Amino acid sequence: MKNIILFDTSVGTLNHGDEIIMESFLENADDILEGNNVLRFPTHTPCFHFFQQVKRNPRFKYVQNADHKLICGTNLLSNKIYIPWHFWNINFFNSLCYKGSVLVGVGSSAFGEDDKLSFYSKMLFKSILSKKYIHSVRDERTKKIVEKICGVGRAINTGCPTLWKLTRDFCKGIPVKKADNVVFTLSDYSIDRKNDQRLLNILIKNYNKVYFWPQGTKDKAYFESLSGSEKVIVISPTVKAFSKLLSEGNLDYVGTRLHAGIYAMQHKVRSVILMVDNRATDMSATYNINAIKRDDNNLENILKQDIVTNINIDEEKIKAFKAQFL
């Protein structure tokens, strides 16, 4: 029996996409976690304060001596980690518990075009990321960044854990034809009133029922500022409520929230993701996600046409990553 630490990105989050990532990892990680002691710590808030690390409290000792430490998902890597980065509340004073950690489906953001790491970020990541194990990342861009830190060959592009169940056979069960109803999302951090209003107008025109799921804490307030929002059914801002709706069938997903769209595909819902940042752009480049730019004027025609879902995950890479811990 091993002692495993999960650094959990869904604790203290303002974005239910983090919950979707963790749920997906746990669903697909029985071969790693089953029969072992698993203890979870947050990434959005510090795990230990400096004084607790110095005094070596029992939990800190447990973390230090764990067999494996896994950091799960989301946009953790940044060259602006000294802020501290709001996805990962970490600095040199509270980072000792992370030493020897392995990334699982982690992505990156807040980099320039050259993806150059700041000196501080590079030293901090070097001090905590394992050199023994190969890291799992969700796109080629992040793979190159991790290899700058840990060395060439120390990262493998498995995609985000949310994609792991979307095999070719699974995707064959996702409808091709347009459904009668639709659920959509918006992003409170990326407001574009012109194109978001156009999206809402298209959905109201082309679907019998239009549902809105607030994935982020401020999504609903932004949605309600758009014309026609009173014609839309707002569902509870929980992953459970979203899952229940997706399971009812005869539904499409359209929206700017990447992980909501992938979660919809997990429920065999035809999905079109509108790209608003590097997350969808980076992942769609490798995994053939049905994603278009938010300002694409062909959206309405795309929704009326047949849409085939064919996610290009590499099952052998996922198996190879997991095999390190078995």
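## Helices and strands in the model

Helices, of at least four residues, and strands, of at least two, are DSSP runs that are numbered from the N terminus. In this predicted model, one such run is helix H6, which covers residues 140-150 and holds Ile145. Counted over the whole protein chain, the secondary structure comes to 14 helices and 12 strands. The radius of gyration of the chain is 20 Å, close to the 20 Å that the globule rule gives for 326 residues, and the chain is therefore as compact as a globular protein of that length.

## Extent, burial and surface

Taken along the principal axes, the box that the C-alpha atoms of the protein chain fill is roughly 60 × 40 × 35 Å. Of the 326 residues in the chain, 56% are buried, and the area that the chain exposes is about 14,200 Å², with carbon and sulfur atoms supplying 52% of it.

When contacts between residues at least 6 apart in sequence are considered, 73% of them join residues that are at least 24 apart. As for charge, the protein chain carries 45 positive and 34 negative side chains, and the centres of these two sets lie 5 Å apart.

## Two cysteines without a disulfide

A search of the whole structure for disulfides finds zero. Cys47 is in no disulfide, and the cysteine sulfur nearest to it, which belongs to Cys97, is 4.1 Å away. Since a disulfide is counted here as a pair of cysteine sulfur atoms within 2.5 Å, the distance of 4.1 Å between Cys47 and Cys97 leaves Cys47 outside any such pair. Cys97 is likewise in no disulfide, with the sulfur of Cys47 as its nearest cysteine sulfur.

Both residues can also be described by their accessibility. Cys47 is buried, with a relative accessible area of 14%, and Cys97 is buried as well, with a relative accessible area of 0%; in each case the value falls under the 20% that sets the limit for a buried residue.

## Two buried positions: Ile145 and Ser101

Ile145, in helix H6, counts as buried at 1% relative accessibility. Its C-alpha atom is separated by 29 Å from that of Thr309, a residue that stands 164 residues apart from Ile145 along the chain.

Ser101 belongs to a loop, namely the one between strand E3 (68-72) and strand E4 (102-104), and Ser101 is nevertheless buried, with a relative accessible area of 0%. Which residues is Ser101 in contact with, leaving aside its neighbours within four places in sequence? They are Phe7, Lys69, Ile71, Ile128, Leu129, Ser130 and His135.

## Two loop residues with positive phi

Most residues other than glycine have a negative phi. Against that background, two residues of this model can be looked at in turn. Asn250, although it is not a glycine, has a positive phi of about 55°. Asn250 is placed in the loop between helix H10 (239-246) and strand E10 (251-255), and with a relative accessible area of 43% Asn250 is partly exposed.

Lys268 is not a glycine either, and its phi is positive at about 60°. The loop that holds Lys268 runs between helix H11 (258-266) and strand E11 (270-275), and at 39% relative accessibility Lys268 counts as partly exposed.

Methods. Residues numbered from 1 in each chain as written. Predicted model: local features only at pLDDT ≥ 70, side-chain atom pairs only at ≥ 80, totals over all residues. Heavy atoms only, no water. Rg over C-alpha atoms; globule rule 2.2 N^0.38 Å. Buried < 20%, exposed > 50% of the residue type's maximum accessible area, 1.4 Å probe, protein only. Contact = heavy atoms within 4.5 Å. Areas by Shrake-Rupley, 256 points an atom, 1.4 Å probe, with all protein chains shown as cover. Lys, Arg positive; Asp, Glu negative; His and termini not counted. Charge placed at Lys NZ, Arg CZ, Asp CG, Glu CD.
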